[in-house]
Amino acid sequence: MTQNTPLRSQAIPVTDPEAGLRMTEIFYSLQGEALTAGLPTVFVRLTGCPLRCVYCDTTYSFTGGERLSLEAIMADIAQYPCKRICLTGGEPLAQPNAIPLMQRLLDEGYEISLETAGALSVADVPAAVSKVMDIKTPSSGESDKNLWSNLEYLTQHDQLKFVIMNRSDYDWSKQKLAEHNLDKVVGTVWFSPMFNVHNDAQGDVAAVDVPNLARELAEWILADALPVRLQLQLHKIIWADAKGK
C-alpha cells in the first residue's frame with residue numbers, strides 16, 4: 001500500500017432499507033466486460049471496498065460518496081432508457097443494503113449483474129442476479145482474501161474472472177481452474193489481462209504492456225486448450241479511465 005492510499009473502508013452495518021446506501025455514482029454507458037459487453041447498461045457504483053488490489057481503476061470509490069435512500073436510487077436509475085443494471089463498486093457487498101436494492105430492482109423488472117471481488121459472502125445475493133465474481137490472483141496483492149466457500153453459491157447463471165498480470169498469475173489461475181473444476185461451477189470463466197498502471201512490490205509505479213500481455217495470454221490459453229474465455233475491457237479501449245464511462 002502506498003503512502004497516499006486511503007485506509008481500508010469497513011462494511012457499513014446498515015440493514016434498515018430506509019437508511020439507504022452510500023453511492024459514488026450512477027451513470028449510463030456500454031458494458032465493457034462479461035457476457036453483456038457492448039450492451040447499454042446503467043452502472044450503480046457503491047462506495048467502499050475492503051480490498052486494495054494493485055491494479056484497481058476505481059480508487060475514487062474507496063471513500064466519500066453520498067448516502068441516498070432506496071427511493072432516490074430507484075428514481076435516478078429510472079431516468080435512463082435501460083432495464084439492464086450493473087451493480088459495482090468499490091465492493092457492493094460491503095454495504096448490506098445492497099441486497100434489498102437488488103431485490104427491489106428485480107421486483108421492478110430489471111436485469112442485474114453484480115461485480116464482486118469474491119472476498120465477502122454472496123450467500124444472500126438473489127438467485128436471479130448474475131454474479132460476476134473475481135478470483136484474486138497473486139499479483140493483485142489480495143489473493144489471500146479469496147473466500148472459496150463462495151463457490152458453493154454459484155451456478156451456471158454466474159461468471160468468474162481472473163485478472164492476470166504475468167505468467168505466474170496464469171499458472172496459478174490454471175491450477176485453481178482445475179483444482180475447483182471452475183468451468184463446471186459457473187457458465188463462463190474469464191481470463192483478463194491486467195489493463196492498468198499499478199504499484200509494484202516496492203510501491204513504485206510500473207506499467208504493463210497490455211497488447212503484448214493480451215497476445216501472450218491468448219497463446220497460453222490456446223496452448224493449454226483451457227475452457228476459459230479471453231476478455232479485454234471494451235470501455236478501456238474506447239474511453240480509457242474516464243469517469244462515468
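This passage looks at the largest pocket of a predicted model and at two of the residues lining that pocket.

The largest pocket has a volume of about 790 Å³. Its lining is made up of 43 residues, and the ones nearest the centre are Glu33, Arg45, Asp57, Thr58 and Glu115. Sorted by class, the lining has 18 nonpolar, twelve polar and 13 charged residues. Several elements chip in with at least two residues each, among them β2 (40-46), β5 (111-116) and α6 (234-239). Strand β1 gives the most, with three residues.

What does the database record add? An unreviewed UniProt entry carries a "binding site" annotation that covers Leu30, Gln31, Gly32, Arg45 and Thr88. Of these, Leu30, Gln31, Gly32, Arg45 and Thr88 turn up in the lining of the largest pocket.

Take Leu30, which sits in strand β1. Its relative accessible area is 30%, so Leu30 counts as partly exposed. Setting aside residues up to four places away in sequence, Leu30 touches Gly38, Leu39, Pro40, Phe43 and Trp239.

Then there is Arg45, found in strand β2. Is this residue buried or exposed? Arg45 is buried, because its relative accessible area is 9%, and the cut-off for buried is under 20%. Apart from neighbours within four places in sequence, Arg45 is in contact with Met23, Thr24, Glu25, Phe27, Thr58, Tyr60, Ser61, Thr88 and Gly89. With Tyr60, the side chain of Arg45 also makes a side-chain polar contact of 3.3 Å. One of the other partners, Thr88, is likewise covered by the "binding site" annotation in the UniProt entry.

Notes:
Residues are numbered from 1 along each chain as its sequence is written. This is a predicted model: local features need pLDDT of at least 70, side-chain atom pairs count only at pLDDT 80 or more; totals for chains, interfaces and linings use all residues. Side-chain values use heavy atoms; hydrogens and water are left out. On a 1 Å grid over the protein atoms alone, a cavity is a set of points where a 1.4 Å probe fits but cannot get out, and a pocket is an open set with protein on both sides within 12 Å along at least five of seven lines; lining residues have an atom within 4 Å of a point. Grid points are joined across faces, edges and corners, and a volume is the space filled by probe spheres set on the points. Helices (H or I, at least four residues) and strands (E, at least two) are DSSP runs, numbered from the N terminus. Ala, Val, Leu, Ile, Met, Phe, Trp, Tyr, Cys and Pro count as nonpolar, Asp, Glu, Lys and Arg as charged, and the others, Gly among them, as polar. UniProt positions are given in the numbering used here, feature names are shortened, and annotations may be inferred rather than shown by experiment. Buried means under 20% relative accessible area, exposed over 50%, partly exposed in between (1.4 Å probe, protein chains only). Contact means heavy atoms within 4.5 Å. A polar contact is a pair of N or O atoms within 3.5 Å; within protein, one must be able to donate a hydrogen and the other to accept it, and residues adjacent in sequence count only if both atoms are side-chain atoms.
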